[in-house]
Amino acid sequence: MSGMKIFAAVAMAAAIGLAGPAGAADKKSAEWNKGGGEQDEAPHLTPDLENGLEVYEVCAACHLPEGWGKPDGTFPQLAGQHFKVIIKQLADIRAQNRDNPTMYPFALPKSIGGAQAIADVSGYIAKLPMNPEPGVGPGTDLELGAKLYKENCVRCHGENGEGIADKYYPRIQGQHFKYLVRQFEWIRDGKRRNANPDMVKQIAGFSDKDMVAVMDFVSRQKPPKELVGEPGWENPDFD
Ligand code: HEC
Ligand code: HEC
């Protein structure tokens, strides 16, 4: 495996390219779930997990070999996300329905391959054990967070933040707080163009305090035990 070389090159590019979704507000909002192309094709393909690992080497430079991302929110945890959600987000990023200038050049067909490669890497990522110690919020408004969650989020993200795989509703439990807040804010303020319009409506009245409270609550929700790794687990595929 030529993992280390790729790792260093990508990490450097990442350091240079870590900008927000510049100019996103000028672009037309994308349809949230237009489907078609790779998003429809990839879920029906059988993932080749060996090739998934090969592809994932590039991703690991930012999302880390474990897929655990970073508590500072720069890179989200990917481990344990639903297979179909990973496929949709990757397809959206490739189609520029979701702006991600940091990652875009590394996610293109010419770097990683077509629909089969998407299925392979998504299959690989979905099976990685999740981070047992995600970044959490300040812990000051958890009761408010729980109340807001119950009233506004359960029907789509589930009782406990587990999401609904078949509908492309992401698992958000145990995700890093700072990443969650950024996405929530971008969805609320119209910067994440593939956002679900019903979610945008549901959260339109959320103040920044509400947002912090609900995301703090979500970051502390525990995924099912069988999906979570041991503290300090290192991905043996990256020896
Ligand atoms: C150069 C750094 C970098 C590389 C390489 C990279 N990513 Fe990302 N990725 C990011 C960043 C930054 C985000 C979050 C962007 C945002 O805040 O919207 C992200 C977001 C994602 C998301 C969305 C997660 C979610 O919860 O919605 C998926 C899926 C993803 N990456 C998969 C991959 C895969 C698969 C690869 C390899 C083919 C890859 N990434 C390579 C930086 C990177
Ligand atoms: C009508 C359904 C619906 C409701 C209600 C809803 N969401 Fe969402 N949410 C979604 C969908 C669908 C996505 C993924 C959109 C996409 O494909 O980009 C999403 C994405 C997110 C994300 C980004 C996840 C990631 O990995 O990038 C966060 C954070 C989030 N929702 C939090 C919430 C919270 C908190 C609430 C309640 C206050 C809420 N949502 C209410 C459907 C909903």
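**Close-up views of a predicted helical model**

**View 1. The pairing of helices α4 and α6.** Helix α4 crosses helix α6 with a right-handed sense, in a model that is predicted. Two packed helices are described by the angle between their axes and the distance between those axes. For the stretch shown here, the axes of α4 (residues 83-94) and α6 (residues 115-126) approach to within 9 Å and cross at roughly 135°. That angle makes α4 oblique to α6, because angles over 115 and up to 145 degrees fall outside the perpendicular and antiparallel ranges.

**View 2. The residues that meet between α4 and α6.** From α4, the residues taking part are Phe83, Ile86, Ile87, Leu90 and Ala91, and they meet Ile118, Ser122, Gly123, Ile125 and Ala126 of α6. Sorted by class, this contact comprises 8 nonpolar residues and 2 polar residues, with no charged residues.

**View 3. The surroundings of Phe83.** Phe83 lies in helix α4, and the C-alpha atoms of Phe83 and Ala126 are separated by 5.5 Å although the two residues stand 43 residues apart along the chain. When neighbours within four places in sequence are left aside, Phe83 is in contact with Ser122, Gly123, Ala126 and Ala165; of these residues, Ser122, Gly123 and Ala126 also appear among those of α6 that meet α4. Phe83 counts as partly exposed because it has 17 C-beta neighbours inside 10 Å, whereas 20 or more would be needed for a residue to be buried.

**View 4. The shell around ligand 2.** Ligand 2 is surrounded by 24 residues, of which the closest are Cys153, Cys156, Asn196, Asp198 and Met199. At least two residues of this shell are supplied by each of the helices α7 (142-152), α8 (154-157), α9 (177-188), α10 (197-203) and α11 (208-219), and α10 gives the most, with 4 residues. By class, the shell around ligand 2 divides into 15 nonpolar, 6 polar and 3 charged residues.

**View 5. The protein chain as the setting for the close-ups.** The secondary structure of the protein chain consists of 11 helices and 0 strands, so that, by the element order from the N terminus on, the chain reads α-α-α-α-α-α-α-α-α-α-α. Of its 239 residues, 41% count as buried. Among the contacts in the protein chain with a separation of 6 or more, 83% are accounted for by residues 24 or more positions apart.

Technical notes
Residues numbered from 1 in each chain as written. Chains lettered and ligands numbered in written order. Predicted model: local features only at pLDDT ≥ 70, side-chain atom pairs only at ≥ 80, totals over all residues. Axes fitted to C-alpha atoms, helices over the stretch in contact; angles between N-to-C directions. Parallel < 35°, antiparallel > 145°, perpendicular 65-115°, else oblique. Left-handed = near helix turned anticlockwise from the far one by under 90°. Contact = placed C-beta atoms within 7 Å. Nonpolar A, V, L, I, M, F, W, Y, C, P; charged D, E, K, R; others polar. Near = placed C-beta within 6 Å. Buried ≥ 20, exposed ≤ 12 C-beta atoms within 10 Å, placed from the backbone.
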